[in-house]
Amino acid sequence: MKVTVHRKAHFNAAHRLYRKDWSFEKNDAVFGLCNNPNFHGHNYELIASVKGDIDPETGYVIDIKILKDIIKSEVEDAFDHKNLNIEVPEFKDLNPTVENIAVVIYNKIKQKLNPKFQLEITLYETPRNFVTYSGD
């Protein structure tokens with residue numbers, strides 16, 4: 001019997017969407033206001049969903065404190081109040097779109113989880129714009 005456990009988290013971060021190999025004009029045409037050379041920020045909302053079997057001894061799929069601690073160290077401490085383009089190594093050569101941020105978060109959390117678990121990341125960039133990634 002598979003059950004999915006969800007943990008919500010939050011972080012604030014700035015970024016600029018652009019490609020270094022494109023002209024300012026091309027970046028502006030593709031990314032618009034998100035290409036602001038002075039960056040812009042978002043209040044990101046994260047939902048990390050872990051799916052697995054219920055442990056018959058504990059009644060847990062995963063101890064939620066373990067998931068909370070992984071999210072804190074791998075996401076909140078790494079991304080919160082940071083400029084993603086400048087301060088987060090994963091985005092040195094990767095455009096920090098919400099899609100790419102979700103994949104990076106997935107990879108960071110997945111490395112720390114027991115491989116028996118399935119993981120899905122839902123990342124809200126705004127209350128109306130969000131992505132989901134499950135490693136597929």
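## Starting from Phe-11

Phe-11 is found in strand S1. This is a predicted model, and Phe-11 is a handy place to start looking around it. Is Phe-11 buried or exposed? It counts as buried, because its relative accessible area is 1% and the cut-off for buried is under 20%.

So what does Phe-11 touch, once you leave aside its neighbours within four places in sequence? Its contacts include His-42, Asn-43 and Tyr-44. Val-75, Phe-79 and Asp-80 are on the list too, and so are Ile-101, Ile-105 and Leu-123. Keep a few of these names in mind, as they come back below. For a sense of scale, try Lys-92: it sits 81 residues from Phe-11 in sequence, and the two C-alpha atoms are 19 Å apart in space.

## The sheet around it

Strand S1 covers residues 2-15, and it belongs to an open sheet of five strands. Reading across, the order is S3-S1-S2-S4-S5, and the pairing is mixed. Which strands stand at the edges? They are S3 and S5, the latter made of residues 130-133. Each of these has a single partner strand, so one side of each is left without a neighbour in the sheet. When you follow a strand along this sheet, here's a handy rule: side chains in a regular strand alternate between the two faces of the sheet.

Now walk through the pairs. S1 and S2 run antiparallel and are joined by 14 bridges. Along that pairing, Arg-7 is opposite Ala-48, while Val-3 has Gly-52 as its bridge partner. S1 also pairs with S3 (residues 82-83), this time in parallel, through two bridges. There, Ala-14 stands opposite Asn-83.

On the S4 side, S2 and S4 are antiparallel partners with seven bridges between them. Leu-46 faces Leu-123 of S4 across this pairing, and Leu-123 is also one of the contacts of Phe-11. Finally, S4 (residues 118-124) pairs with S5 over four bridges, again in the antiparallel sense. Look for Thr-122 there, opposite Thr-132 in S5.

## Two helices on the sheet

Helix H2 lies across S1, S2 and S3, and runs at about 20° to S1. Helix H4 packs on the sheet as well, touching S1, S2, S4 and S5. The direction of H4 makes about 145° with that of S4.

How do H2 and H4 sit relative to each other? Two packed helices are described by the angle between their axes and the distance between the axes. H2 spans residues 64-79 and H4 spans residues 98-112; their axes come within 9 Å and cross at roughly 145°. The crossing is right-handed. On the H2 side, the contact is made by Ile-70, Ile-71, Glu-74, Val-75, Ala-78 and Phe-79. H4 brings Ile-101, Val-104, Ile-105, Lys-108, Ile-109 and Lys-112. What kinds of residues are these? Nine are nonpolar, three are charged and none are polar.

Some of these names should look familiar: Val-75, Phe-79, Ile-101 and Ile-105 are among the contacts of Phe-11.

## His-42 and its partners

Let's go back to a residue that touches Phe-11. His-42 is found in strand S2, which covers residues 40-53. His-42 counts as buried because its relative accessible area is 14%, and the cut-off is under 20%.

Which side chain makes a polar contact with the side chain of His-42? That is His-40, at 3.2 Å. A polar atom of the His-42 side chain also lies 3.5 Å from the backbone oxygen of Glu-125. Apart from neighbours within four places in sequence, His-42 is in contact with Phe-11, Asn-12, Ala-13, His-15, Glu-125 and Thr-126.

## Two loop residues with positive phi

Two more residues are worth finding in the loops. Phe-39 lies in the loop between helix H1 (24-31) and S2. Its phi is near 75°, which is a positive value in a residue other than glycine. Phe-39 is partly exposed, with a relative accessible area of 23%.

His-81 lies in the loop between H2 and S3. Here phi is near 60°, again a positive value in a residue other than glycine. Is His-81 buried or exposed? It is exposed, because its relative accessible area is 61% and the cut-off for exposed is over 50%.

How values were computed. Residues numbered from 1 in each chain as written. Predicted model: local features only at pLDDT ≥ 70, side-chain atom pairs only at ≥ 80, totals over all residues. Heavy atoms only, no water. Axes fitted to C-alpha atoms, helices over the stretch in contact; angles between N-to-C directions. Left-handed = near helix turned anticlockwise from the far one by under 90°. Contact = heavy atoms within 4.5 Å. Nonpolar A, V, L, I, M, F, W, Y, C, P; charged D, E, K, R; others polar. Buried < 20%, exposed > 50% of the residue type's maximum accessible area, 1.4 Å probe, protein only. Polar contact = N/O pair within 3.5 Å; in protein donor to acceptor, adjacent residues only side chain to side chain. Pairing = 2+ DSSP bridges.
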